[in-house]
Amino acid sequence: MYLWILDLLADVRTSGPVGSSWLEVTDVNHETTSGKPCILDTEEATSRVYRRQDEVTLLRASLDGETAAWGEIVTRYKDAVFGLCLGFLRNRADAEDIAQDAFVRAYVNLRRYNLEKKFSTWLFTIAANLCRNRLRYRRNHPVVEPPDSIPGGGDPAVTIAREDRQAKIKAALSRLPYSYRAPLVLRFYNDLPYRDIGDILGIPEGTVKTRIHRGKALLKDLMEQGSDS
Amino acid sequence: MMKNHDLEDVLRDALRHEVAQELPQIGALEERVVEMLGDRSPRRGLIDHMRQMIAPTRGGRLGQMVVVGATAAAFLMVGLFLSDRGLPLADPSVGASGLATRSNQEVLFVVPAPEAVSVAVVGDFSNWEAVPLADDNSDGIWTASIPLSPGRYEYAFLIDGLWRGQDLLADEHVENYGQFTSVRYVSGGDGA
């Protein structure tokens, strides 16, 4: 219940600066139209308008059922969400599946989002939970093909030291336990602070620091093991 | 031997490189998402219906004030009512573990975990997001009270990030993705 109230209060607070009022969205000409965000002829024109909107406006339009506005949100966050899923799951097909599911679920449950919090953190939490479920499912329903389907370094003839190290670290990351891999991905791919990582994974900030520290040590070990064999 | 900041840089590069390599292959994600959504709107809640009823078509300011005022008044009354009844949160009829339903569908989640640093409940009611439980008096009993409308809910506890899917007082346990989750049926009216 309190989420609705916060949402409502946030509505009141943000309606001023955003320039629109109460479930109304400002269009490019700064004319407000109740109910509909703006009246334009084609979908293309609509998406062009959305490209210029700020996030709160896009979320508000999405709440009104404007799926095109949500499309723009997907465009803005797909790199972050897909990268998170790929890092967590180490498999493109799964990452694609889960990233898509995360965006659909976030839209359907958009009213649960508390405007006082960062939207990205909320979205990443949904994606992280879906990844965890998928991994749990995968552990209990092992597939015949190896889970590590991300090509390591590509062409073996390419032995530039940098690419070689990248390939090794990717392979090592796939072997790292999820509880260490997840915070590492959020830290070094999504560039998030410890506190946000803790919120997303549902663990205390101190645990995040420990896991990142130990995760790096484990990763180094795994890389060295990889080069021995 | 690789230095620590070297490792971070390589990891960062590797993750970015991986996404740059794989993302173009999955095509237009936004188009697929929008297509999947069709004409769906985000789920509506009670407040939204209130908004629609109260908010005038122009100059919604007054409508906002009314809704905020009415909600605040409603909360105040519920608060007074509860304090009159002597804080039902301390109700001794609630079991040592599990959850108890109340007539107003306020569902109490209780977990005994004296060693835990953090306890949370995740469930379909929160889109599997962690809702933290609190242990204000440090007696090792963690609680959270979540208002739920009548229905069937799947949930599990996260104790220090570890999944605990079999709540002793759940109505049933089901296996989901190979792991147990608890199920609770919240009924309407007084017959919790």
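This report describes chain A of a predicted model, with attention to helix H7 and to Leu201(A).

**Overall architecture**

Chain A contains 10 helices and 2 strands. Read from the N terminus, its elements follow the order α-β-β-α-α-α-α-α-α-α-α-α. Of the 229 residues in chain A, 43% are buried. Among contacts in chain A with a separation of 6 or more, 61% join residues 24 or more positions apart.

**Two helices of chain A**

The table lists the residue ranges of the two helices discussed below.

| Helix | Residues |
|---|---|
| H7 of chain A | 161-175 |
| H9 of chain A | 194-201 |

Helix H7 of chain A comprises 15 residues, for which a rise of 1.5 Å a residue predicts a span of 21 Å. The C-alpha atoms at the ends of H7 are 21 Å apart, in agreement with that expectation. Several residues of H7(A) are buried, including the charged-name positions Arg165(A), Lys168(A) and Lys170(A). Gln166(A), Ala167(A), Ile169(A), Ala172(A) and Leu173(A) are likewise buried in H7(A).

**The surroundings of Leu201(A)**

Leu201(A) belongs to helix H9 of chain A. Is this residue buried or exposed? Leu201(A) is buried, because 23 other C-beta atoms lie within 10 Å, and the cut-off for a buried residue is 20 or more.

Beyond its neighbours within four places in sequence, Leu201(A) is in contact with Ala128(A), Ala182(A) and Pro183(A), and also with Gly161(B) of chain B. For the pair Leu201(A) and Ala128(A), the separation is 73 residues in sequence, while the C-alpha to C-alpha distance is 7.0 Å.

Note on methods: Residues numbered from 1 in each chain as written. Chains lettered and ligands numbered in written order. Predicted model: local features only at pLDDT ≥ 70, side-chain atom pairs only at ≥ 80, totals over all residues. Helix = DSSP H or I, 4+ residues; strand = E, 2+ residues; numbered from the N terminus. Expected span 1.5 Å × (residues − 1). Buried ≥ 20, exposed ≤ 12 C-beta atoms within 10 Å, placed from the backbone. Contact = placed C-beta atoms within 7 Å.
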